4 protein chains.
Amino acid sequence: MRFFSDNAAPACPAVMAALADANRLDTAYDGDAWSKRLDGAFSDLFEHEVRALWVPTGTAANCLGLAALCPPTGAILCHEQAHIEQDEAGAPGFFTHGAKLTLLSGAGAKISPEAVEQACARVRYDVHQVPPAALSITNATEYGLVYRGAELAALGEVASARNLGFHVDGARFANAAAFTRESPADLTWRAGVDVLSFGFVKNGGMNAEALLFFDPERAEAVPRLRKRSGHLLSKGRFLAAQLLAMLDGEIWLANARAANAAARALADAAGAARLVFPVEANELFVRMTADEAASLRGQGYDFYDWAPGEVRLVTSWDQDMGAVERLAAAIAAL
Amino acid sequence: MRFFSDNAAPACPAVMAALADANRLDTAYDGDAWSKRLDGAFSDLFEHEVRALWVPTGTAANCLGLAALCPPTGAILCHEQAHIEQDEAGAPGFFTHGAKLTLLSGAGAKISPEAVEQACARVRYDVHQVPPAALSITNATEYGLVYRGAELAALGEVASARNLGFHVDGARFANAAAFTRESPADLTWRAGVDVLSFGFVKNGGMNAEALLFFDPERAEAVPRLRKRSGHLLSKGRFLAAQLLAMLDGEIWLANARAANAAARALADAAGAARLVFPVEANELFVRMTADEAASLRGQGYDFYDWAPGEVRLVTSWDQDMGAVERLAAAIAAL
Amino acid sequence: MRFFSDNAAPACPAVMAALADANRLDTAYDGDAWSKRLDGAFSDLFEHEVRALWVPTGTAANCLGLAALCPPTGAILCHEQAHIEQDEAGAPGFFTHGAKLTLLSGAGAKISPEAVEQACARVRYDVHQVPPAALSITNATEYGLVYRGAELAALGEVASARNLGFHVDGARFANAAAFTRESPADLTWRAGVDVLSFGFVKNGGMNAEALLFFDPERAEAVPRLRKRSGHLLSKGRFLAAQLLAMLDGEIWLANARAANAAARALADAAGAARLVFPVEANELFVRMTADEAASLRGQGYDFYDWAPGEVRLVTSWDQDMGAVERLAAAIAAL
Amino acid sequence: MRFFSDNAAPACPAVMAALADANRLDTAYDGDAWSKRLDGAFSDLFEHEVRALWVPTGTAANCLGLAALCPPTGAILCHEQAHIEQDEAGAPGFFTHGAKLTLLSGAGAKISPEAVEQACARVRYDVHQVPPAALSITNATEYGLVYRGAELAALGEVASARNLGFHVDGARFANAAAFTRESPADLTWRAGVDVLSFGFVKNGGMNAEALLFFDPERAEAVPRLRKRSGHLLSKGRFLAAQLLAMLDGEIWLANARAANAAARALADAAGAARLVFPVEANELFVRMTADEAASLRGQGYDFYDWAPGEVRLVTSWDQDMGAVERLAAAIAAL
C-alpha cells in the first residue's frame, strides 16, 4: 500500500470523464471553449479577477510565475527546503535567465516575515549585489505545514513594503485550503499574493496545473513565455477540461479533504511524540527506528526514508480508508 | 467541416483506451512500467538502439533535441520557413541559451545538401563568427513535401562532413513515412539522422510526443534538461501509454495513411494547375481566388488563407471521407 | 603599410596623455571624477540629456544597448551584413537571453524604411511568432556608406510607428558625422535614435567605447547589466578619461576627418569603375584582379581580400598621407 | 589617506611604461606579439603548460572560468561570502546560463574539505537536484586569509574525488603568494587547481586580469565565450602588455609584498585583540567603536565600516609607508 507520494496517484473519475467529454474537435492551443472558461471559473472561486493559464507541470507553473515576477538580475527569496530550490533541477535559473534564489531558514519549511525583512536588510541595493525582487513560499509547505491567512497577510505586507512580487507554490494549495477552512481569496490576493501555482495533479488531476495571476498586468508576458518554453499544448482543451472538472462541484476540495483526513488518522495513531511536525495537510514526518520502518514495510506499506530515524508518509485523494486504518493500527502497535 | 489544421483533432480511440488503462497507481515521473517500455518499443520500430523520451509538445521535443546538438555558441541551420523559426516563439533561443538559427532557402521548405554546404562554406570558423553545429529539417515539410531516404542520406552526408548534428522535426513524420513507404530506419539513422522529434499529437495523440536519440550518448544530458524546462510530468505513464498505444498495431501509420489519402483525394480534385506544391503528405496549398474561397466557406468548409490567392487545407487522421469527397467535388466544380 | 583595418591603430596622443593624467587615486568603478563628467560632456555634444556609460568594447556597447531595447522574447531587425550578426560571435543572443536577429537586405549594408516596414508586416503578433522590438543599424555601415540625418529620420519614423527601439552601432559614427557634416543631434535623437554605441577605439582610443542613451529611462537597468556582464572595470577613470580627452577639442572629429580624407584620396585614385560602393567614410571596396592585388602587396601594402575580385582598404586616424599618396598612385597605375 | 580598497589605486610605473611601448601598430584582438607571449610567460612562472587569456575585469575572469567548468545544469560550490556570490551582480548566473551557487560556511571566508564533501553528500544525483560541478574558492579570501599549498591540495583532492572543476578567484593571488612564499605552482595546479583568475588590477595594473587554465582542454571554448561576452578587446596588446610588464622582474610579487607589509604594520599596531581575523594578506578587519573610527577619520584616514563595531582597512601596492606608520600609531593610541 502506497504512502510514498501523492504525485503518482490515479486521476479521479471526474477528470477521466472530462477528458472523454473534451475529445471533440475544437480550436487548437488555448483558443478552445474549455480554455476560454478558465479565467471566469477561477475568478469565481477566488472572488477576484484572475488570469488563469493551464500548464502541464508544477515546475512550469512555478517557474513561469517566477519569471513574471523577477528579472534575470533579481533574487527570489525562498526557503532552503523549497521545492524550487531542492527539486526542480535549477528550473528557476533556466526560466528567469539566471536570477538568484536567496535561501531563508525556518522550522517546517515556513518563512517568517522577519526572515524576509532580514534578507532584504542584508542587501546593498547597488549594482554589485542582487536585489530581491520576489518572495516565493510553499503552502502547504514541503513539511506539510500550512500558512493561515493571517500569516500570509503578514508576509504580504513585508513583500509589499520591500517591493517583492509574492508567489505561492500551491502544489498542495488544496490541502492547505481544506485545513484552514479559509477562503481561497483569504489565502491569496487578500493577503497580497500576486501569483499562485495551484496544483491539481497531486490532488487527482492527470497532467494539468493552474497558474493564476491576481493582477492581470503581471500576466502579460506569460502566454508568450509559456509558448517559448514549450508549454503551450496543441490540444489545450484536455488540460483546461481537467481543471474545470475539478473546480466543478468542489472536487478539488473534497479530494484534498480526503487526503488530509487520511493523514490525520495516521497522525493520531502515531502520537505527538513521534511527529516531527504537526500534521496539517497530507504529509507526515514520523520518527521511527530502522527496525520499525522495516516492520511496517514487511506488512506491505511503502514510504520514503526522509532522514536517519525519520520517515515520510504522504496520503492521496484516493487513499483506501481501510488501508489507512490498518496502517494507523500498525503504527500504534510499534 | 474542418480542413484547418491537424493539431486540434480528437485523440484516437486507442489513445483514450490507453489512458483509461494507465489510470492505476505506478511510480512517478518516468519510473513507471509504461515509460520504461519506450526505449524498447521505439528500438524495435527503428531496428536500432533508441533512447526515447516523452514530452508534452513538439516545441519541447524539437528544442530539447536541438539543445542536445548545439551549444549556446553554435548555429542551427534550418529552412527560413521551418516551424522552429516561424512558430515556436523563439523557443530554440530559449532552450539553447541563445544559439543562432541560420536560415536557408529552398522550394517547398525543403533544404538541399548544396544549401547546407554553402551555408557552412560562408562561415569563417574563428571566434568572431558563429559556427554551424546542427542541421534541422522538417519531414514532412511545412509545405507538405516529403524527403525520401536517399535525399535524407545526402543531407546526412554533408552533416557528417561538416560535423553537424542532424535533427528531424517529425511533427508529421508519420505522414512522411506513410508516403514514402520507406522504413523508419531508412528515414532516420540509416540516413545519418541523430535526433527525431516524432510527432503523435497531430496524428491522433492527446498530449504526448516522442523525442528519439539514435546515439544514446547524445541523449545523456537530456533527461535533466527535460526536468529543468518543466517537461518531466509527475504522471508520465499517461504520456508513455499514448505513444505505446499508437505504436501497437501500427496505428500511427494507419492514422497517417488516412490523413494522406484524404489529402490525395482533394489534390486530385483540385488538379495540378491549382496546386502550389505536389501533395505528398496531408497538407495542400491551393491557388484560389477570394471568391472561390468564399464560396467553399459558404458551403461549410473551414481552412486557412495562406497567402493572397492561396489557401491551405490540412487533413486529419479522423477525416470523414464523405466530407472529403464532397469538398473534392466542390473544388472540382469551382 | 597598413590598410587592413582601423581597429589596431595606435591610441592617439591625447588619449595617452589622459591616461597619464588619470593615474591618480580616485574612487573605484564609475564613482570617480572622470566618469561623473561623462553624462554632461556627451549631453553638451548632443544638445540633449544623455546618459553615457563607458564600456571596453563595441560588442559590449552594442549588446548592452540591445538588451535594454529588446526582451528575450523579441526580435531585433538588422542588416544581414551587420556586425552584430556577422562578427560578434552571437553576443546579441547572449546578452538578450536568446532574442532573435531578423535579417534585412539592402545595398551597401543599408536598411531602408520599407524593409523595416515589410519585416514588421510579415509578422503575426501572436504568441507563436517573435515580435520585432528593436531596429539596429550601423552608421557608417559595414560597407562604408553613411546614413544622412533625413534617412535616419525616415527610419526613426517607422521605428516609432512599429514601437521599435532604435539602436545605432556607431563603431564609425565619427566617420559618419565627419562625412555628413550634420550635427550629432541630427544623426541621433532628432531622428528618433534611442541608443548609440559611439565608437572611440577605431578612431584613436585605446580601450573605451561610449554607450549613450537619449532617454534616461531606457538606461535604467543598464548599469546593473554592465556589472553583471563583467564590464564594470574597477579603475573606470581610465576609460572615462579616454572619452573625455577625445571629446575635448573635437579630437574625435579631427581623427575621423583624417581617416576619411585618406579614403577619399584612394577612392579618387581608384576611380568610380573600380569602386563597389561610393566611398563616404574610411572604407573602400575596390574591384581588383588577384594579380593587381598581388602587385600592390608586393609594393608593401597590406589589406583584406573581401570577395573574389574585390579587396577592402580601411584607413585610420593616423594614416601617413605620404603612404596614402603612394598607394593612390600605385592604384591609379594598375 | 586611503585605506578603503586596493581596487582604485594608480597603475604602477612599469604598467604605464608598457602601455607607451605597446602604442604601436600590431594585429588586432589577440593576434599581436604581446598577446602571443602570454602563454609562455605564465607557463614559465607556473612551471607548467598554461593557457592564458587577458580580460578586463576580475568578474569576467571568474565567470568565464566558471562557465568553462560548470554547465547550466550544475552547481558551483563557493563560500557564502565569496565575491562571486556577494559582489558580482549575479554574473555567474549570467555567464553559466543559470547554474546554481551552492553556499558553504567557514570562518574567514575559508572553505574546508569537509564542507565540500558534506555539500556533495547532501545532493541526490538524480534529475531533480542540481549536481555540483565546480568548486570555487578565493585566495586570499574576502577576509584576507590565505590558503597554504597543503590546504589547497586537500581541497583539490576532494574536488577530484567528487569530479569538481577547481577554480581559484585570485583577485589577490599575488598577496597570497607573497604571504606563503610557496611557488605559484604549489598554490595552483600541483594542488589540483584547474583555473585561476590571477588578479593584476588591485596590484598595480590598469585594466588587465589574467585567466589561466592549467589544462588546455578546459580552455577550448573560452576564447569564443570571451568574444561572445564582449571581452575580446580590439587592441588587446594593451592588456597583454600590462600583464607581461608585471611578470617581468616579478613586479607582481614586489607590489604584493609592499601591500602586505603595510597591512602587517597596521596589524601589529592594532594588536591581536582588535583583529577579527589574522592578517595574512593586505586586508584588516579591526574591532573599533564608532567613536574610535570617527577619531581616525578625523585624522584623515579613509576606510570602510564593515559591520557594527568593525572596520575594514585595505592596503595597496603604492601605500606610502609614512602614512602607514602614522595610522599605525594612531590605532595604537586609540
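How many residues does the contact take from chain A and from chain B? It takes 47 residues from chain A and 47 residues from chain B, where contact means heavy atoms within 4.5 Å.

A word on the model. This is a predicted model, in which local features need pLDDT of at least 70 and side-chain atom pairs count only at pLDDT 80 or more, while totals for chains, interfaces and linings use all residues. Residues are numbered from 1 along each chain as its sequence is written, chains are lettered from A in the order in which they are written, and side-chain values use heavy atoms, with hydrogens and water left out.

Now the symmetry. Chain A is superposed on chain B by a rotation of 180° with 0.0 Å of shift along the axis, at an RMSD of 0.0 Å; the fit is by least squares on C-alpha atoms of residues with pLDDT of at least 70 in both copies. That is the relation of a two-fold axis. In chain A, Ser229(A) has the C-alpha nearest the axis, 3.5 Å from it. Of the interface residues of chain A, 100% are also interface residues in chain B, so the copies meet through the same surface.

Next, the area. About 3700 Å² is buried between chain A and chain B, and carbon and sulfur atoms give 61% of that. Buried area here is the accessible area (1.4 Å probe) lost when two parts are put together, summed over both. Phe94(A), Arg228(A) and Lys235(A) supply 21% of what chain A buries against chain B, more than any other three residues.

Last, the salt bridges (a side-chain nitrogen of Lys or Arg within 4 Å of a carboxyl oxygen of Asp or Glu). Between chain A and chain B the count is zero.
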